[in-house]
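Open your viewer and keep the selection panel handy. We will go from stop to stop, choosing a residue or a chain each time and looking at what surrounds the selection.

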Amino acid sequence: MALFEAVLELADDHLVLGHRLSEWCGHAPMLEEDLALPNMALDLIGTARTLYDHAAKLEGRGRDEDALAYLRGEREYRNLLLCERPNGDFAHTMLRQLYFAAFMQPYWTAALGSADETIAGVAGKAVKEMAYHIRHAGEWVIRLGDGTEESAARMQEAVVELHPYTGELFEEGAAGDVAELPSRAVMRGAWTATLQPIFAEALLQMPEVPYPQTGGRSGLHGEGLGHLLAEMQSVYRAHPGASW
Amino acid sequence: MYSQGLIGADGRTTETPEFLQAFQKRIDAEDKIEPKDAMPEGYRKTLVRQIGQHAHSEIVGMLPEGNWITRAPSLRRKAALLAKVQDEGGHGLYLYAAAETLGVSREEMTEELLSGKAKYSSIFNYPTLSWADIGIIGWLVDGAAIMNQIPLCRCSFGPYARAMIRVCKEESFHQRQGYEIVMTLAQGTPEQKEMAQDALNRWWWPSLMMFGPHDADSQHSDQSMAWKIKRFTNDELRQKFIDATVPQAEYLGLTVPDADLAWNEAKGGYDHGPIDWGEFWRVVKGHGPMARDRIKARKKAWDEGAWVREAALAHAEKRAARKIAAE
């Protein structure tokens with residue numbers, strides 16, 4: 001069951017972050033971003049769907065992707081705290097995306113050779129998507145970091161707020177090591193290498209984090225996730241057994 | 001919906017009769033008018049108004065459907081709805097670009113929308129109250145939009161006609177997707193079927209209003225027809241829509257909320273009950289149930305995004321300055 005748990009953790013990361021991005025749709029700072037944000041959300045939700053479907057089959061208890069997404073409560077969700085952080089302003093959203101994509105890019109690259117065909121397949125698609133997310137979010141972090149006085153202050157504030165959540169990216173999940181998925185801890189070098197030039201160009205300082213925030217993998221979340229799930233699951237749960 | 005784009009359009013023009021005659025000759029020969037071609041001022045103004053209103057409708061139209069993205073009842077529906085709303089944004093971008101070829105900037109058009117000077121389709125001033133609304137909007141609202149837009153693919157103004165070809169392809173996909181949502185509900189639990197019927201009851205009449213006023217009350221149709229901006233009258237398109245949609249509703253086992261609806265063998269189409277034109281004008285004039293909320297939401301996004309747009313501009317300027325300094 002360790003692989004099931006590990007795939008579920010990954011699926012939760014992608015769905016929750018995809019959901020957060022989708023909240024922007026129709027409310028972005030410019031029309032181009034009203035197209036780009038749903039685009040990235042669709043990438044993440046697409047990955048989540050394949051992973052949930054895979055997890056359901058690994059579990060073999062008759063649950064499907066929707067049962068996994070819509071019928072678990074916040075204590076059962078295993079996503080990283082970073083993924084559930086509220087959108088905040090555009091600087092927060094772009095930085096959160098950069099942090100996540102800069103981790104997932106080397107992670108999926110390492111997963112390309114997984115013995116699990118579904119995981120290798122997801123990785124093949126996700127590697128390209130993450131490269132785009134890094135480029136898109138990274139360019140915004142640079143523009144905002146080295147833009148106006150206001151945007152620079154907002155960008156630095158986003159770094160201060162979100163950086164404590166990045167340590168959790170490198171923790172092995174509650175599921176522990178599984179052979180079919182890459183080890184997370186070894187991604188730190190690649191993650192830092194992606195971020196450093198972007199931070200330098202954006203004139204941003206990478207802060208020291210004495211007390212990292214973790215807990216998502218054991219279902220210990222912030223207060224926002226419960227609201228996200230209550231909204232997301234409301235229609236599905238109001239009509240048990242219905243097909244949509 | 002874009003017939004509403006001509007409400008209040010000022011097609012008046014001051015060119016010489018010879019110029020107008022030569023222009024009309026090109027129109028009659030089905031020549032496409034391109035942005036750099038000479039054109040009567042009335043023609044240009046009418047198009048700016050219609051294309052601008054069409055673009056605004058796509059953008060404001062993201063809001064009622066966006067209202068259900070976070071609550072879509074399956075992951076498949078969630079992804080499809082997100083992609084659909086994104087398509088609408090893409091149409092908006094396309095159309096703003098088409099309008100820009102006529103010498104008006106996207107920024108100006110946005111300001112006009114936010115100040116209330118420019119209008120958008122009345123349909124988006126109604127609220128989406130259940131998941132079924134998402135299906136019904138795809139089926140009826142996108143269906144009505146297609147009826148309006150298919151003839152626009154042959155509009156005399158080239159950039160608009162070309163934009164419409166792509167837009168129509170996507171809209172027809174949306175319409176099938178919407179119909180499929182409604183079909184799933186109609187074949188579902190009693191609660192789901194009731195949800196679908198309730199949504200049809202609420203959206204039917206506003207959808208018919210999308211075609212604009214009766215021909216007898218549509219003041220600017222004649223000039224627009226002559227210029228081939230418009231190819232069919234409002235009532236013609238409305239009739240086509242009703243004739244296509246009623247059998248679809250029957251197939252689903254849903255009831256169209258019009259007691260006077262009856263097949264008329266002689267005209268080969270349906271007769272329908274009276275449209276509440278009082279409601280139509282009320283909504284067109286900005287008193288629809290969601291009118292204030294829609295503009296408020298757009299204005300909020302625009303105002304709160306100002307610092308982002310300013311930063312992007314400032315950064316681009318810094319970059320350009322550094323490049324010059326380095327050379």
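## First stop: a serine in chain B

Select B:S130, which counts as buried because its relative accessible area is 11% (buried means under 20% relative accessible area, exposed over 50% and partly exposed in between, with a 1.4 Å probe and protein chains only). Before moving on, please note that this is a predicted model, in which local features need pLDDT of at least 70, side-chain atom pairs count only at pLDDT 80 or more, and totals for chains, interfaces and linings use all residues. Residues are numbered from 1 along each chain as its sequence is written, chains are lettered from A and ligands numbered from 1 in the order in which they are written, and side-chain values use heavy atoms, with hydrogens and water left out.

B:S130 sits in the loop between α5 (106–115) and α6 (131–152) of chain B; helices here are DSSP runs of H or I with at least four residues, strands are runs of E with at least two, and both are numbered from the N terminus. Now show the backbone nitrogen of B:A132: a polar atom of the B:S130 side chain lies 3.1 Å from that nitrogen. This is a polar contact, defined as a pair of N or O atoms within 3.5 Å; within protein, one must be able to donate a hydrogen and the other to accept it, and residues adjacent in sequence count only if both atoms are side-chain atoms.

Which residues does B:S130 touch, not counting those up to four places away in sequence? Select B:W68, B:M195 and B:R202 to see them; contact means heavy atoms within 4.5 Å.

## Along helix α7 of chain B

Next, pick B:I181 in helix α7 (residues 158–186) of chain B. With a relative accessible area of 6%, B:I181 is buried. Leaving out residues up to four places away in sequence, B:I181 touches B:R77, B:W131, B:I134 and B:G135. Try a distance label too: the C-alpha atoms of B:I181 and B:G138 are 8.6 Å apart, although 43 residues separate the two along the chain.

## A loop residue with positive phi

Move to B:E30, in the loop between α1 (17–28) and α2 (41–60) of chain B. Most residues other than glycine have a negative phi. B:E30, by contrast, has a positive phi near 60°. Its relative accessibility is 39%, so B:E30 counts as partly exposed.

## Zoom out on chain B

Show the whole of chain B as a cartoon and you should find 13 helices and 2 strands. The C-alpha trace spans about 70 × 50 × 30 Å along its principal axes. A compact globule of 327 residues would have a radius of gyration near 20 Å, and the 21 Å of chain B agrees (taken over C-alpha atoms, with the globule rule being 2.2 Å times the number of residues to the power 0.38). Of the 327 residues in chain B, 56% are buried.

## Across to chain A

Now colour chain A by secondary structure: there are 9 helices and 0 strands. Its C-alpha trace spans about 55 × 40 × 35 Å along the principal axes. For 244 residues, a compact globule would have a radius of gyration near 18 Å, and chain A agrees at 17 Å. Buried residues make up 59% of chain A.

Select A:L17 in helix α1 (residues 2–22). Is this leucine buried or exposed? A:L17 is buried, with a relative accessible area of 0%. Beyond neighbours within four places in sequence, A:L17 is in contact with A:L44, A:C83, A:R96, A:Q97 and A:F100. For a longer view, draw a line to A:A152, which lies 135 residues away in sequence and 24 Å away in space, C-alpha to C-alpha.

Helix α5 (residues 90–111) of chain A holds A:H92. A:H92 is buried at 9% relative accessible area. Not counting residues up to four places away in sequence, A:H92 touches A:N87, A:E157, A:A158, A:E161 and A:L162.

## Last stop: an exposed leucine

Finish at A:L203, in the loop between α8 (188–201) and α9 (224–238) of chain A. A:L203 is not a glycine, yet has a positive phi of about 60°. A:L203 counts as exposed, with 57% relative accessibility.
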